[in-house]
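Here's a quick tour of one model, written for someone who'd rather be at the bench. Have a look at the sequence and the 3D view, then read on.

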Amino acid sequence: DALDPPSTYEAELHSFSGGHDDDHPEWTTAHILDWFSAYTLDPYPETITVRTDEAKAYYWLELSYANSWDPARWTNVRAVRDPLSHAVVIDVIDERQKPIHLTVNLLKADLPTEFSYVLEDTNLGTGEFVQTVAAPQGGKLTVSLSGDPHHLVLYPLQGVQPELQTATVHQVEDTYIDTYNQ
């Protein structure tokens with residue numbers, strides 16, 4: 001119950017009373033390879049969910065830090081690509097609120113590289129919404145983000161370029177009608 005995987009995932013729990021340095025008596029190399037033989041690694045996963053302290057590539061999504069590496073740093077990223085619309089939605093939270101760079105490798109994501117992309121960036125910390133257009137460089141799109149949480153949407157620009165928008169949505173602390181004093 002503690003694992004609570006989504007119903008679409010096949011999950012197995014094998015308990016073991018030993019520690020990290022102890023070998024499981026049944027987990028021989030042959031047993032492990034036999035178990036993995038029933039699965040195939042998807043080279044183009046539609047969803048990537050990562051909590052990491054490492055700057056590196058995760059399938060088609062690359063994470064790097066704007067400043068030096070911080071051993072106490074953790075970044076949470078959830079990226080979902082839609083193979084039909086070619087849109088990518090990414091939510092990013094850096095727990096230490098440090099700037100990061102995200103790169104979508106369009107080739108590895110099996111997305112078109114011949115179009116520019118519309119980028120919609122909502123800074124969840126400030127409420128600022130910015131819409132820009134970016135051209136892929138070497139089959140990749142890179143976005144630099146402040147340390148605030150961000151919600152990104154990228155999709156190919158096809159046809160006429162939209163009128164780009166910037167807006168700031170001011171957040172208030174309490175908007176419940178039942179707190180209104182008469």
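In which helix is Trp-35 found? Trp-35 is found in helix α1.

## Ground rules

This is a predicted model, where local features need pLDDT of at least 70, side-chain atom pairs count only at pLDDT 80 or more, and totals for chains, interfaces and linings use all residues. Residues are numbered from 1 along each chain as its sequence is written, and side-chain values use heavy atoms, with hydrogens and water left out.

Helices (H or I, at least four residues) and strands (E, at least two) are DSSP runs, numbered from the N terminus.

## A greasy spot on the outside

Back to Trp-35: with 37% relative accessibility, Trp-35 counts as partly exposed, because that label covers the range between buried (under 20% relative accessible area) and exposed (over 50%), using a 1.4 Å probe and protein chains only.

Trp-35 also belongs to a nonpolar surface patch with Trp-27, Ile-32, Phe-36 and Tyr-39, and together they have about 500 Å² of accessible area. Patch members have over 30% relative accessible area and no salt bridge (a side-chain nitrogen of Lys or Arg within 4 Å of a carboxyl oxygen of Asp or Glu); nonpolar side chains (Val, Leu, Ile, Met, Phe, Trp, Tyr) are joined within 5 Å, like charges within 9 Å. The areas come from the Shrake-Rupley method with a 1.4 Å probe, and for residues only the protein chains shown count as cover.

## The open sheet

Now for the strands. Four of them make an open, antiparallel sheet in the order β2-β3-β6-β9. Its edges are β2 (57-58) and β9 (140-145), each pairing on one side only. Pairing takes at least two DSSP bridges between two strands; β3 (residues 61-65) and β6 have 5 bridges, in the antiparallel sense. Ser-64 stands opposite His-101 in β6.

## Two loop residues

Leu-106 sits in the loop between β6 (100-105) and β7 (117-123), and is buried, at 1% relative accessible area. Leaving aside neighbours within four places in sequence, Leu-106 has contacts (heavy atoms within 4.5 Å) that include Leu-111, Tyr-117, Pro-136 and Lys-140. Lys-140 is 34 residues from Leu-106 in sequence, yet their C-alphas are 5.5 Å apart.

Glu-46 is in the loop between α1 (29-36) and β1 (47-52). At 42% relative accessibility, Glu-46 is partly exposed. Beyond its neighbours within four places in sequence, Glu-46 touches Trp-60, Ala-79, Val-80, Arg-81 and Pro-83.
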